Structures are given as C-alpha cells and as structure tokens.
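Open the model in your viewer and keep the selection tool to hand. We will go from stop to stop, and at each one you will hear what to select and what to look for.

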Amino acid sequence: MADPNAFSTVVVPAAGLGTRFLPVTKSVPKELLPVLNIPAIELVAAEAAQAGAERLVIVTAPGKESLARHFQPNPQLEDLLHACGKDALAQLVRRAPGLLSVETVVQETPLGLGHAVACAEPVLTGADDAVAVILPDDILLPADTLTRMAAVRQDHGGTVMCAFTASRDRLGAYGVFDLEDATDTDAPRVRGMVEKPDPALAPSTFACAGRYLLDRSVFELLKRVRPGARGEIDLTDAVVDAIAEGQPVHAIVHSGTRHDIGDPQGMLRAAVDFALSDPAADPTLRDWLGRRLALPV
C-alpha cells in the first residue's frame, strides 16, 4: 500500500502573464526565462524529482504551450549536437524530458493562486492523498524543502507549508503566518494566516514561501472559497478553513537562501548567485564584479 503521507504529484501554477518582465514575456513565458542557462520551470522540475515526485502538473494559460514543449524530447537536436562533438550540451537538452512525467492543465482566466491550484484537481488520482505545490518564482536553496515537508507530514499529518523571515515593510506582498510556537523551527503549528496584510498589523514576520504540501481535503475546501477583495480565490483562505475545522497545519522555517525571480532584478541576483556558486564558472566574473562594485555610484 502506498504511503499516504508521501506525494507523487507536484502542481506548478504558471498561468501568469509575467507583466514585470514585459516586453520579453510577449513571446516567451516567464517560466522559460533562464537562471543562467536553465529555465526556471526546469529548476522546479528538478527540485520535484529530487523530492521523489513522479508527475509535474503545470497550470498554464492559453498561448503558453511552449512550457510543455520544453519537456518533450528533441532527438534531432541531440543528434546534431552529438555530430558536432557537443555531447555535454546534448546531455543538457536531454535532462528536462528525463526528470519526470509532465502534463498541463489550462487556467482560462487568472482568478488567483487558489483557483490555479484547484484547476489541477481533475487530473489527480485516488493515490494523491497529498499534493505538493511549487511556485516557480521562488527558488529555495538547498533544494530539500519538499523532502523536509514530507517528513513533517509523516509525523503530524495534514497540510505543511514553508515559512521564511521577511522584513516587516515587505509583509504586504505575502501570506503571513500566525505560528503557535515560532521558536519551534522544526515544525511550528499554524494558528492562522493573513493574505497580504497591512505590515503594521501582521501577526508575525514569518511569510509564506512558495512551497506547499496540501492534504487532499484542501481541494474540497477550495470549492467553498469565495473571491476576496481583489477578485481572487486565495489558497490562504482554504488553509484557514482547514485550521478552523481542526485539521493540522504545520510549517517548516526555511533558513537557507531564497531568491524571488518574479522580477528582473531578482532574476539577476539569482543568476549572479548561481554563477558565483558554480565551481566550474569563469573566475573572471568574480573579479569583474569586484571591480564594478568598487566604482563610484
């Protein structure tokens, strides 16, 4: 019998318009923009596969079919690269299709994160007692967050989320946790959540990072959630309802690196960080950065 605390499906909401990256996102989905040479959606897929997932369900919008194409084999390109002696590049091209099974569902109208996640329910199976969700704008390093969350679900059941410490002036951009024991960095219980609060009134400085391990029951709760003031169906509201019904909801606190690649400057910071962390990277980049930062602003 399958372990009900494990998960095999990861849902990736990727139906956004990528307005902060215009004009490039007129023709290229934001999730295909690279951190160095690896598209963000491939980083997500690699993280999911590392955690043991077998299936990636990408929630897309009309016109974003290229997201699925990235995970399809391209033997003609591979053969061409091999013929040119570029075996390492051929291996890179082959990497994404070999990570896990990928399928898409379409969110016709952008109605919020909760609605995007709910769009994946028709393709779930009876074995999906828990479903992971990764927001591709958030890169968390080390990439072991889902593994840690699965271990917490093994101990406590229910839904598990990921928190990070944010500066108070930025809390209005996130869902913010009210944690029962914030000193328990292993798995504090979640008492409540507030979506995009007034920073002065936020219950804590623990904000929601883009990783969720949802108990399957959350999908039933999403059907009852009504649009909020922004006209969106918030996943946070379904989690709050789960807490109100007595379901266990816990959080892990991420203390590693977090990159928000949802805007160009965040993407640039992530690319620089990845480049400087790569032992095979050109050492002249570090030297150039040092010289550039020494110049008067």
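The expected span of a helix is 1.5 Å times one less than its number of residues. Try that on helix α9, so select residues 264-277 of this predicted model. For these 14 residues the rule gives 20 Å, and the end C-alpha atoms are 20 Å apart, which agrees.

**Stop 1: helix α9 and its partners**

Stay on α9 and colour its buried residues: Gly266, Met267, Ala270, Ala271 and Ala275. Which elements do the buried residues of α9 pack against? Bring up β2, β13 (257-260) and α10 (284-293), and you have the answer.

**Stop 2: the whole chain**

Now zoom out to the full cartoon. The protein chain has 10 helices and 13 strands. Its radius of gyration is 20 Å, close to the 19 Å from the globule rule for 297 residues, so the chain is as compact as a globular protein of that length. Along the principal axes, the C-alpha trace spans about 60 × 50 × 35 Å.

Switch on a surface if you like: the chain exposes about 14,700 Å², and carbon and sulfur atoms supply 55% of it. Of the 297 residues, 45% are buried. A contact map would be a good companion here, too. Among contacts with a separation of 6 or more, 76% are between residues 24 or more positions apart.

**Stop 3: helix α6**

Next, select residues 145-156, which form helix α6. This helix has 12 residues, which at 1.5 Å a residue should span 16 Å; the end C-alpha atoms are 16 Å apart, in agreement. Highlight Thr145, Leu146, Met149, Ala150, Val152 and Arg153, which are buried in α6. Turn the view until you look down the axis: the buried residues fall within an arc of 160°, so they line one face of the helix. The general background is that an α-helix has 3.6 residues a turn, so residues three or four places apart point the same way.

Is threonine 147, also in α6, buried or partly exposed? Threonine 147 is partly exposed, because its relative accessible area of 42% lies between the 20% and 50% cut-offs. Add glutamine 50 to the selection: the two residues are 97 apart in sequence, yet their C-alpha atoms are 8.5 Å apart in space.

Then step off the end of the helix. Glycine 157 follows α6, and its phi is positive, near 75°.

**Stop 4: backbone angles to check**

Most residues other than glycine have a negative phi, and most peptide bonds are trans. Here are some exceptions to click on.

- Leucine 22 and proline 23 are joined by a cis peptide bond, with omega about 15°. Proline 23 sits in the loop between β1 (9-13) and β2 (34-35).
- Leucine 141 to proline 142 is also a cis peptide bond, with omega near 0°. Look for proline 142 in the loop between β7 (138-141) and α6.
- Leucine 36 has a positive phi, near 60°. This residue is in the loop between β2 and β3 (38-39) and is partly exposed, with a relative accessible area of 42%.
- Lysine 196 has a positive phi as well, near 50°. Its loop runs between β10 and β11, and at 38% relative accessibility lysine 196 is partly exposed.

**Stop 5: proline 197**

Move along to proline 197, in the loop between β10 (190-195) and β11 (206-215). Proline 197 is buried, with a relative accessible area of 9%. What is proline 197 in contact with, leaving aside neighbours within four places in sequence? Show Leu171, Gly172, Tyr174, Val176 and Ala202. For a contrast, draw a distance to aspartate 186: the two residues are 11 apart along the chain, and their C-alpha atoms are separated by 25 Å.

**Stop 6: the cysteines**

How many disulfides does a search of the whole structure find? It finds 0. A disulfide is a covalent bond between the sulfur atoms of two cysteines. Select cysteine 162, which is buried at 0% relative accessibility. The closest cysteine sulfur belongs to cysteine 208, 7.5 Å away from that of cysteine 162, too far for a bond because the cut-off is 2.5 Å.

Methods
Residues are numbered from 1 along each chain as its sequence is written. This is a predicted model: local features need pLDDT of at least 70, side-chain atom pairs count only at pLDDT 80 or more; totals for chains, interfaces and linings use all residues. Side-chain values use heavy atoms; hydrogens and water are left out. Helices (H or I, at least four residues) and strands (E, at least two) are DSSP runs, numbered from the N terminus. Buried means under 20% relative accessible area, exposed over 50%, partly exposed in between (1.4 Å probe, protein chains only). Contact means heavy atoms within 4.5 Å. The arc is that of the directions from the helix axis to the C-beta atoms. The radius of gyration is taken over C-alpha atoms; the globule rule is 2.2 Å times the number of residues to the power 0.38. Accessible areas come from the Shrake-Rupley method with a 1.4 Å probe; for residues, only the protein chains shown count as cover.
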